Amino acid sequence: MLGNFSYSNPTKLYFGDDALSFLPKELEHYGDRVMLTYGGGSIKRNGIYDAVIRVLKDAGKEVFEDPGVMSNPTVQKLYEGCRIARENNVDLILAVGGGSTIDYAKAVSVSAWCNEDPWEKYYLRMEDVDNRIIPVGSVLTMVGTGSEMNGGSVITNHEQKLKIGHVFGDNVMPKFSILNPKYTFTVPKYQMVAGIYDIFNHICEQYFSGTDDNTSDYLAEALMKSVVHASRIAVKNPEDYEARSNLMWCATWALNTLIAKGKATDWEVHMIGQAIGAYTDATHGMTLAAVSLPYYRHIMPYGLAKFARFAKAVWDVRTESMTEAEAAAAGLAAMEDWMKDIGVVLHAKELGVTEEMLDGIAGATFLFDGGYKALTREEVVEILKESL
Ligand code: NZQ
Ligand code: ZN
């Protein structure tokens, strides 16, 4: 039975190869002082920076640059961004980049005018925002996280060996996001594939839970099929506009809260993946890929019917003559073949994980009970061992 819920999503999207032409109209809603936040320089090499600066200047905006947002943005960078935003009293944060840049922009947006340590308030104590929030807009350049249309903001504290996400509310989600699939053509293959697996796993995290008949699961299956189909084309030809657009659109819908409505969700792969990230600073999507197969094989007996359905609905496995357990296993085998085809990392060792780290990583893994099996810390260690 569909559980009770409310649904709203305030982010306005502009999608397509002319999406940036809508930025001037959006800028009219905000004051003149714009903080331009971006990553390590890819936007300067591929021309996106020049295009955005032109729009900002033509609109008469005063631009305060905040470059250097690293993948897996750190708490130190957050403190620096807060200082820039506060000292210049900015009216809008325009994030141009991937999930890291947009997540970071949201963190600055709620932290710049916060009187306490934002790491402690939002990430350790998970408190709500009770201070001024600076609006955020985004120009997306890398596909995967869904950050362009959600309230998620993941920050890493290397000193404390913790990587934690806070899901903020409607008032922190980007006010608008510009989605031009062509902007993703220059993303390096490793990052593109990591992003593709991130999309797929966001859907899995919301699909592998519950035993009821739920519309969200049918939507999830359709999205998974589209991701698999488009990914096979995009890895062969990164400049295939149709495939890159479908991936971009799937990524947004995979994690803008819609397919979680009315049901429990799992998120344990992400919890283990984030703990690996805290220890190794590895690429997010690859941390998920490395632990997924050991994890899903571990929980499969507790959610057999759903895994058998996954085989048939997503991978077109002919399950008629199979037992439920055989069908379930065949679905994961098909997923493994696809993961090998697109080239994700299947062994955590390749990400720098060592035997000595396993206890620490398991300790840094938050344990949830929304999926088919609530894990113990010992089970996390077992799964990690298998993932090596
Ligand atoms: O920093 P630059 O130079 O821009 O390079 C980036 C970075 O090296 C590069 N890149 C991005 N767009 C490009 C490009 N290179 C060439 N051409 C382009 N058009 O790609 C690299 C990866 O970018 P990044 O933003 O780090 O990747 P992603 O979008 O995967 O974001 C990862 C972060 O998002 C968090 C992750 O934990 C991680 O910290 N997540 C956020 C979520 C959310 N908001 O809901 C959910 C996710 O599960 C995830 O946890
Ligand atoms: Zn993710």
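The buried residues of helix H13 are Ala327, Ala328, Ala330, Gly331, Leu332, Ala334, Met335, Glu336, Trp338, Met339 and Ile342. The model is predicted. The points below cover helices H13 and H12, the zinc site, the surroundings of ligand 1, and two buried residues, threonine 37 and alanine 290.

**Helix H13**
- Helix H13 comprises residues 324-342, and its 19 residues should span 27 Å at 1.5 Å a residue; the end C-alpha atoms lie 28 Å apart, which agrees.
- The cover over the buried residues of H13 includes H7, helix H8 (215-236), helix H11 (284-299) and helix H12 (304-315).
- Glycine 343 follows H13 and has a positive phi, near 90°.

**Helix H12**
- For the 12 residues of H12, a rise of 1.5 Å a residue predicts a span of 16 Å, and the end C-alpha atoms are indeed 16 Å apart.
- Buried positions in H12 are Lys306, Phe307, Ala308, Phe310, Ala311, Val314 and Trp315.
- These buried residues pack against H7, H8, H11 and H13.
- Aspartate 316, just after H12, adopts a positive phi of about 55°.

**Zinc site**
- Four residues coordinate the zinc ion (ligand 2) at 2.0 to 2.2 Å: Asp198 through OD, and His202, His270 and His284 each through NE2.
- The spacing of these donor residues in sequence is D-x3-H-x67-H-x13-H.
- Histidine 202 belongs to helix H7 (residues 189-207) and histidine 270 to helix H10 (residues 268-280), so the pair ties together parts that are 68 residues apart in sequence.
- Both histidine 202 and histidine 270 are buried.

**Ligand 1**
- Ligand 1 is surrounded by 31 residues, of which the closest are Gly40, Ser71, Gly99, Ser100 and Asp103.
- A polar backbone atom of glycine 41 is 3.1 Å from an oxygen atom of ligand 1.
- In the side chain of threonine 186, an N or O atom is 2.8 Å from a nitrogen atom of ligand 1.
- Histidine 270, one of the zinc donors, also places a polar side-chain atom 2.9 Å from an oxygen atom of ligand 1.
- Of the 970 Å² of accessible area that ligand 1 has on its own, the protein covers 89%.
- Helix H5 (99-111), strand S6 (152-157), H7 and H10 are the elements that give two or more residues to the shell around ligand 1.

**Threonine 37**
- Threonine 37 is located in strand S2 (residues 33-38).
- Its relative accessible area is 0%, so threonine 37 counts as buried, the cut-off being under 20%.
- Apart from neighbours within four places in sequence, threonine 37 contacts Asp66, Val69, Ile93, Leu94, Ala95, Val96, Thr101 and Tyr104.

**Alanine 290**
- Alanine 290 is part of helix H11.
- With a relative accessibility of 1%, alanine 290 is buried.
- When neighbours within four places in sequence are set aside, the contacts of alanine 290 are Val345, Leu346, His347, Ala348, Leu351 and Ser387.
- Alanine 290 and lysine 121 are 169 residues apart along the chain, and their C-alpha atoms are separated by 31 Å.

Key: Residues are numbered from 1 along each chain as its sequence is written. Chains are lettered from A and ligands numbered from 1 in the order in which they are written. This is a predicted model: local features need pLDDT of at least 70, side-chain atom pairs count only at pLDDT 80 or more; totals for chains, interfaces and linings use all residues. Side-chain values use heavy atoms; hydrogens and water are left out. Helices (H or I, at least four residues) and strands (E, at least two) are DSSP runs, numbered from the N terminus. Buried means under 20% relative accessible area, exposed over 50%, partly exposed in between (1.4 Å probe, protein chains only). Contact means heavy atoms within 4.5 Å. Donors are N, O and S atoms within 2.8 Å of the metal (3.2 Å for Na, K and Ca); water is not among the atoms, so sites may look incomplete. The expected span of a helix is 1.5 Å times one less than its number of residues. A residue is near a molecule or strand if one of its heavy atoms lies within 4 Å of it. A polar contact is a pair of N or O atoms within 3.5 Å; within protein, one must be able to donate a hydrogen and the other to accept it, and residues adjacent in sequence count only if both atoms are side-chain atoms. Accessible areas come from the Shrake-Rupley method with a 1.4 Å probe; for residues, only the protein chains shown count as cover.
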